[in-house]
Amino acid sequence: MKRIQDLQKLIKLTGDRAKLDAKANGTYVIYKTKDGQFMKEHSNGNIEQIEKQENDHE
């Protein structure tokens, strides 16, 4: 059980670090919600949903 808690903590810290890096560089973070939607969170706090698109490079 301790390994699961350690892994959850590491995942949270990684996300927090990504947000800090995005803020420092004036960029954004993209993540997937539990509902399967992709979201783009800008360094200024604005969050927008990304519409599903076809990838040409696959």
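## Lys-32 and its contacts

Leaving aside neighbours within four places in sequence, Lys-32 is in contact with Gln-37 and Phe-38 in this predicted model. Lys-32 belongs to strand β1, which covers residues 28-32, and with a relative accessibility of 54% this lysine counts as exposed. A further distance helps to place Lys-32 in the fold: its C-alpha atom is separated by 9.8 Å from that of Gln-49, a residue 17 positions away along the chain.

## The overall fold

The protein that contains this strand has 1 helix and 3 strands, and, when read along the sequence, these elements follow the pattern α-β-β-β. How much of the protein is buried? Of the 58 residues in the protein, 9% are buried, where buried means a relative accessible area under 20%. The protein exposes about 5700 Å², and carbon and sulfur atoms supply 51% of that area.

The contacts can also be sorted by how far apart the partners lie in the sequence. Among contacts with a separation of 6 or more, residues 24 or more positions apart account for 0%.

## Helix α1

Helix α1 covers residues 2-25, and its 24 residues reach 35 Å from the first C-alpha to the last, which is close to the 34 Å expected at 1.5 Å a residue. Is this helix largely covered or largely in the open? Of the 24 residues of α1, the number buried is 1, so the helix lies largely in the open. Just after α1 comes Gly-26, which takes a positive phi of about 65 degrees.

The helix also carries a nonpolar feature on the surface. Leu-7, which has its place in helix α1, joins with Leu-10 and Ile-11 to make a nonpolar surface patch of about 310 Å². The spacing within a helix is useful background here, because an α-helix has 3.6 residues a turn, so residues three or four places apart point the same way.

## Salt bridges within the helix

How many salt bridges does the protein have? The count comes to 4 salt bridges, and those described here include two that are formed inside helix α1. In one of them, the side chains of Asp-6 and Lys-2 meet at 3.3 Å, taken from N to O. Because Asp-6 and Lys-2 are 4 residues apart in helix α1, they are separated by about one helical turn. Asp-6 counts as partly exposed, with a relative accessibility of 41%, while Lys-2 counts as exposed, at 59%.

Another salt bridge joins Asp-16 to Lys-12, and here the closest N and O atoms are 3.1 Å apart. Asp-16 and Lys-12 both lie in helix α1, 4 residues apart, or about one turn of the helix. Asp-16 counts as partly exposed at 32% relative accessibility, whereas Lys-12, at 54%, counts as exposed.

## A salt bridge from helix to strand

Which residue forms a salt bridge with Glu-41? The partner is Lys-19, and the closest N and O atoms of the two are 3.8 Å apart. This pair links distant parts of the chain, since Lys-19 is in helix α1 and Glu-41 is in strand β2 (residues 38-42), with their positions 22 residues apart in the numbering. Lys-19 is partly exposed, with a relative accessible area of 40%, but Glu-41 is buried, with a value of 17%.

The surroundings of Glu-41 can be listed in more detail. Not counting residues up to four places away in sequence, Glu-41 touches Lys-19, Tyr-28, Val-29, Tyr-31, Asn-46 and Ile-47. Lys-19, the salt-bridge partner of Glu-41, is therefore one of the residues that Glu-41 touches under the contact rule of heavy atoms within 4.5 Å.

## A buried lysine without a salt bridge

Lys-40 also has its place in strand β2. This lysine is buried yet has no salt bridge, and the nearest side chain of opposite charge, that of Glu-48, is 4.8 Å away. Why does this pair not count as a salt bridge? A salt bridge needs a side-chain nitrogen of Lys or Arg within 4 Å of a carboxyl oxygen of Asp or Glu, and Glu-48 is 4.8 Å away from Lys-40.

When residues up to four places away in sequence are not counted, Lys-40 touches Tyr-28, Val-29, Ile-30, Asn-46, Ile-47, Glu-48 and Ile-50. Glu-48 is thus among the residues that Lys-40 touches, although Lys-40 has no salt bridge.

Key:
Residues are numbered from 1 along each chain as its sequence is written. This is a predicted model: local features need pLDDT of at least 70, side-chain atom pairs count only at pLDDT 80 or more; totals for chains, interfaces and linings use all residues. Side-chain values use heavy atoms; hydrogens and water are left out. Patches are made of residues with over 30% relative accessible area and no salt bridge: like charges are joined within 9 Å, nonpolar side chains (Val, Leu, Ile, Met, Phe, Trp, Tyr) within 5 Å. Accessible areas come from the Shrake-Rupley method with a 1.4 Å probe; for residues, only the protein chains shown count as cover. Helices (H or I, at least four residues) and strands (E, at least two) are DSSP runs, numbered from the N terminus. Buried means under 20% relative accessible area, exposed over 50%, partly exposed in between (1.4 Å probe, protein chains only). Lys and Arg count as positive and Asp and Glu as negative; His and the chain ends are not counted. The expected span of a helix is 1.5 Å times one less than its number of residues.
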